[in-house]
Amino acid sequence: MSRVLRASAIMAAGTMVSRVTGFVRTAMLAAAIGTAYLGDAYNVAYAIPFILLDFLITGILSSVVVPMIIKRQKHDPDGGRAYEQRLMTFATVALTVVAVLAVLLARPLIGLYSTGWNARKIEVAVTLAQYILPQIAFFGIGAIAGAILNTRDRFGAPMWAPVLNNIVMICVLVAYYLMLGDAGADIDRVSDADLAVLGLGTTAGIVAQCLVLIVSLHRVGFRFRPRFDLRNAGLGEMGRTAVWAFAYVAINQIGFLVTTRLSAGAGETAPGAGNSAYAYAFQFFQLPYGIIAVSVITAMLPRMSRAVHDGQLESVREEFASGVRLVSALLVPAGLLLMVLGPAVTVLIFSWGNMTVDSAVYIGNVLQVFGLALVPFSIFQLLLRVFYAFGDTRTPVFIGAGNTALSIALSVVAYFALPAKYVVMGLALAFTVTYVVGTMVAWILASRRVGGLQGRVVAAGLSRMYMAALPAAAAALGVLWLTQELTDLNALSAAIMLAAGGGLGMVLYLVIAHRMRIPEVSSVVGMVAGRVGR
C-alpha cells in the first residue's frame, strides 16, 4: 500500500491544484456566459471533442495502450522505444485528420447533441465548435505522451499539465467578461468576434497542456522520430484488442448522447436547469474522484498489468483490495459531505457575474444527488482495471451495455415523468442507480476472474468508514441548519458553511477513523503529519 500511497500522493497534489484552478475556471465560465442559452450552447460544443476523443483514443489508453507499451518494454530489444515512436507517429497523423473532419462536420455534430434549439442557438454552438474542435489533435497527442510517461512511473506531469490549461482559460474568461459584462451571457448580443475569443481561448489552453507533456516526455529520454513503418507498430494486435474498448466507449457515448439531448431539451423549457447545470454539477462531482481515485487507478494499473504478466494473481488481489480501501477512506466522507453541503459549494463558486443565487443553488441540488454515486462510481472504475490488467476489454463491454440500457431507461422516465425544472436532478439519480447496479455486477465477474477480491475485508473496511463518516455528516448538517437560521444563503454564508461544516466534518471524520484504527486513514494522517513535521 505504501508504494501506491506515495505515487498517488504525487499525483493527487497535481490533481488538487488542477481541480482548484478548474474550480476558478468553471466559476469564471459561469459568471461570463451563465447557464441559460449561451451556456448550454458552449457546453455542448465543448463536450463534442471529448466525446470524439473518448471514442478514438482516451477510452483505450488504460485498457489497451498502457498494457501493450509495458509488454513491448519487457520484450523488445530496444525496450519498446521504436514501438513508442511508431505509436506517436500514427496518433499524430490520425488525430490531425480527425480534427479537420470534425471541424468540417461541426453543424451535424451539434445537431446530434441538441434538441429543440432555435436557429440562433444552433449557429452560435456551431461557431464555437469550429473553434474548439481542433483541440482534438493536441489533447490526443498529449494523452499518448501521458500514457508513455505513466509506463515509466512518471505520474506528475500528466496530473500537473492541466493546471496550465486552466490558467490560460481563466485569463481568456476574465478578458471576455471585462469586455462584455452582462452582454456576455446574452446569446443574441454576442458577436462572432466574442465567440472567437471564447472558442480559440479554449483551444489555446489545450495546446499549452500538450506542450508541457511533450517537454516532460523529452526530459525522461523519449526522442520523437517519425516512423512510418507501421507494419511493425502492432496496429493489428492493438486493433483486435481495442475493438472491444471502442465498443465500450461507443456504448457509453450512446448513454451520454441521450443524457445530453434530454438535459438540453429540459433547458429550453426551464432556462438554467439544462445541460449547463448537469455539466457543472458533474464536474464538481468528479473533483474528489479525480483527486483521489484517478491517482490510485493510474498508479495501480501498471502494477496489476505486470503482476498478471508474471502470473501473480495474489498480487492483483492485494493491489485491488488496498486500492479500494485507500480510495474509499476519503471518498466515503466526501460523498456524504457533498450530499449535505452541495448547494453551499455551488453558491460560493457560481453566484457571481451573470449567475443568480437560485441558479447556483439548483446546480448544488444536482450535485447532492451525484454525491450518492461517488463511492460506487469510483469502485466501478477500479473494477474495470482488473479486466484491463488481463488484457480483457470484452467483459467491460457487456457490463457497459447493461449500464447504458439501465441509464437510458431511467433517464427517459425522468424526462417524461418530472417537471422540466427537475429533469436534470432525475438524470443524476439515474446515473447513481446505474453505477450502484453496475458495480455489483462488475464485482461478481472480476472476483471470478482473479479468484476473489477480498470482499469481506473490503466490506468490513467500508462499513467502518461509513460509521466514522456519519457523525461528520451530522456535524456539517448542524452547521448548515444553524447558518440558515441566522442568515440568507449567499456567497458569504456559503463560505461559512463550507469552512465550518466541511472543515469540522472532515476533522471529525479523521479523528474518529484514526481512533477506530482504520489503517488507510491512519496512513493518510501519518503521511500528512510527517510532511507538516518537516
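Helices here are DSSP runs of H or I with at least four residues, and strands are runs of E with at least two.

**Figure 1. Overall fold of the predicted model.** The protein has 18 helices and zero strands. Of its 534 residues, 56% are buried. Sequence-distant pairing dominates the count: among contacts between residues at least 6 apart in sequence, 85% join residues at least 24 apart. The protein exposes about 21300 Å². Carbon and sulfur atoms supply 66% of that area.

**Figure 2. Close-up of helix 14, residues 395-417.** The helix has 23 residues. At 1.5 Å a residue, helix 14 should span 33 Å. Its end C-alpha atoms are 33 Å apart, so the expected span and the model agree.

**Figure 3. Buried positions along helix 14.** Thr-395, Pro-396 and Val-397 are buried. Further along helix 14, Ile-399, Gly-400, Asn-403 and Thr-404 are buried too. Ser-407, Ser-411 and Ala-414 complete the buried set. An α-helix has 3.6 residues a turn, so residues three or four places apart point the same way.

**Figure 4. Leu-128 in helix 5.** Helix 5 covers residues 119-132. Leu-128 has a relative accessible area of 0%, so this residue counts as buried; the cut-off is under 20%.

**Figure 5. Contacts of Leu-128.** Neighbours within four places in sequence are left aside. Leu-128 is in contact with Ala-41, Tyr-42 and Ala-45. Leu-128 also contacts Leu-195, Leu-198 and Gly-199. Val-197 lies 69 residues from Leu-128 in sequence. In space, the two are 9.5 Å apart, C-alpha to C-alpha.

Note on methods:
Residues are numbered from 1 along each chain as its sequence is written. This is a predicted model: local features need pLDDT of at least 70, side-chain atom pairs count only at pLDDT 80 or more; totals for chains, interfaces and linings use all residues. Side-chain values use heavy atoms; hydrogens and water are left out. The expected span of a helix is 1.5 Å times one less than its number of residues. Buried means under 20% relative accessible area, exposed over 50%, partly exposed in between (1.4 Å probe, protein chains only). Contact means heavy atoms within 4.5 Å. Accessible areas come from the Shrake-Rupley method with a 1.4 Å probe; for residues, only the protein chains shown count as cover.
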